[in-house]
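Me: Could you take a close look at one part of this protein for me? I would like to understand one glycine and its surroundings, and then how that spot fits into the rest of the chain.

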Amino acid sequence: MELREIERKFLVKGDEFKQFSRENYPIQQGFLNSDPKRVVRIRLSGDRGWITVKGQGDQSGRSRFEWEKEIRSEEATALLELCEPGRIEKRRFLVPHAGHLFEVDEFYGANEGLIIAEIELQSLEQSFALPEWIG
């Protein structure tokens, strides 16, 4: 079980990415603790829920501790009620590009207009191609 995530995040320009998306789904999320040293996040998407604990990033900002466990949607719904103010609503698009999968989040509510793409990697040195819709 890997307890370290390696990821890169990018701002997205426009909505061209949607034409390449193979799937999309809504997500609600909140934070039980948003301290960067130990973030505890609750997510709900459809009938699935997750609790995630993330540690502080390394010096490069590209790797950090992550532990995630799927929980029942009823548990996620109850835990979302305990979260800090500022629940996040977004739609996630899964967009394959050049042998990798980008997760693109289009935010709503207080974060309306924000679109972020994330790619998870196997190592800090792993190379990947950026799609044209990355800002």
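Reply: Gly 49 touches Arg 43, Leu 44, Lys 69, Glu 70, Ile 71, Ser 73 and Ala 76, leaving out residues up to four places away in sequence. Please keep in mind that this is a predicted model. Gly 49 sits in strand E4, which covers residues 48–55. With a relative accessible area of 0%, Gly 49 counts as buried, because anything under 20% does. For a sense of distance, Gly 49 and Ile 27 are 22 residues apart along the chain, and their C-alpha atoms are separated by 9.6 Å.

Two of the residues that Gly 49 touches, Leu 44 and Ala 76, also turn up in a nonpolar core of 8 residues, whose members include Ile 51 and Leu 80 as well. In general, nonpolar side chains tend to be buried together in soluble globular proteins.

Now for the other core. The largest nonpolar core has 14 residues, and Val 12, Phe 17, Val 104, Ala 117 and Trp 133 have the most contacts inside it. Strands E1 (4–11), E6 (88–97), E7 (100–107) and E8 (115–120) each give two or more residues to this core, and E8 gives the most, with 3. The core of 8 residues lies apart from it. Phe 17 is a good place to look in the larger set: beyond its neighbours within four places in sequence, Phe 17 is in contact with Val 12, Phe 93, Val 95, Val 104, Ile 115 and Trp 133.

Two of those partners of Phe 17, Phe 93 and Val 95, are also in contact with Ser 21, as is Leu 94, again leaving aside neighbours within four places. Ser 21 belongs to the loop between E1 and strand E2 (23–33). If you follow the chain from there to Gln 56, you cross 35 residues in sequence and 31 Å in space, C-alpha to C-alpha.

Gln 56 in turn is one of the contacts of Arg 64, along with Leu 3, Arg 4, Glu 5, Glu 7, Lys 54, Gly 55 and Gly 57, once neighbours within four places are set aside. Arg 64 is in strand E5, residues 63–72. Leu 3 is 61 residues away from Arg 64 along the chain, yet 8.4 Å separates their C-alpha atoms.

For contrast with the buried glycine, try the loop between E6 and E7, where you will find Ala 98. At 54% relative accessibility, Ala 98 counts as exposed, since the cut-off is over 50%. Its phi is near 50°, a positive value in a residue other than glycine.

Stepping back, the chain has 1 helix and 8 strands, in the order β-β-β-β-β-α-β-β-β from the N terminus. Its radius of gyration is 15 Å, close to the 14 Å that the globule rule gives for 135 residues, so the chain is as compact as a globular protein of that length. Buried residues make up 37% of those 135. Among contacts between residues at least 6 apart in sequence, 55% join residues at least 24 apart. As for the outside, the chain exposes about 8200 Å², with carbon and sulfur atoms supplying 48% of that. It carries 20 positive and 25 negative side chains, and the centres of the two sets lie 3 Å apart.

Note on methods. Residues are numbered from 1 along each chain as its sequence is written. This is a predicted model: local features need pLDDT of at least 70, side-chain atom pairs count only at pLDDT 80 or more; totals for chains, interfaces and linings use all residues. Side-chain values use heavy atoms; hydrogens and water are left out. Helices (H or I, at least four residues) and strands (E, at least two) are DSSP runs, numbered from the N terminus. The radius of gyration is taken over C-alpha atoms; the globule rule is 2.2 Å times the number of residues to the power 0.38. Buried means under 20% relative accessible area, exposed over 50%, partly exposed in between (1.4 Å probe, protein chains only). Contact means heavy atoms within 4.5 Å. Accessible areas come from the Shrake-Rupley method with a 1.4 Å probe; for residues, only the protein chains shown count as cover. Lys and Arg count as positive and Asp and Glu as negative; His and the chain ends are not counted. The place of a charge is taken as NZ of Lys, CZ of Arg, CG of Asp or CD of Glu. A nonpolar core is a set of buried Ala, Val, Leu, Ile, Met, Phe, Trp, Tyr and Cys residues joined through side-chain atoms within 4.5 Å.
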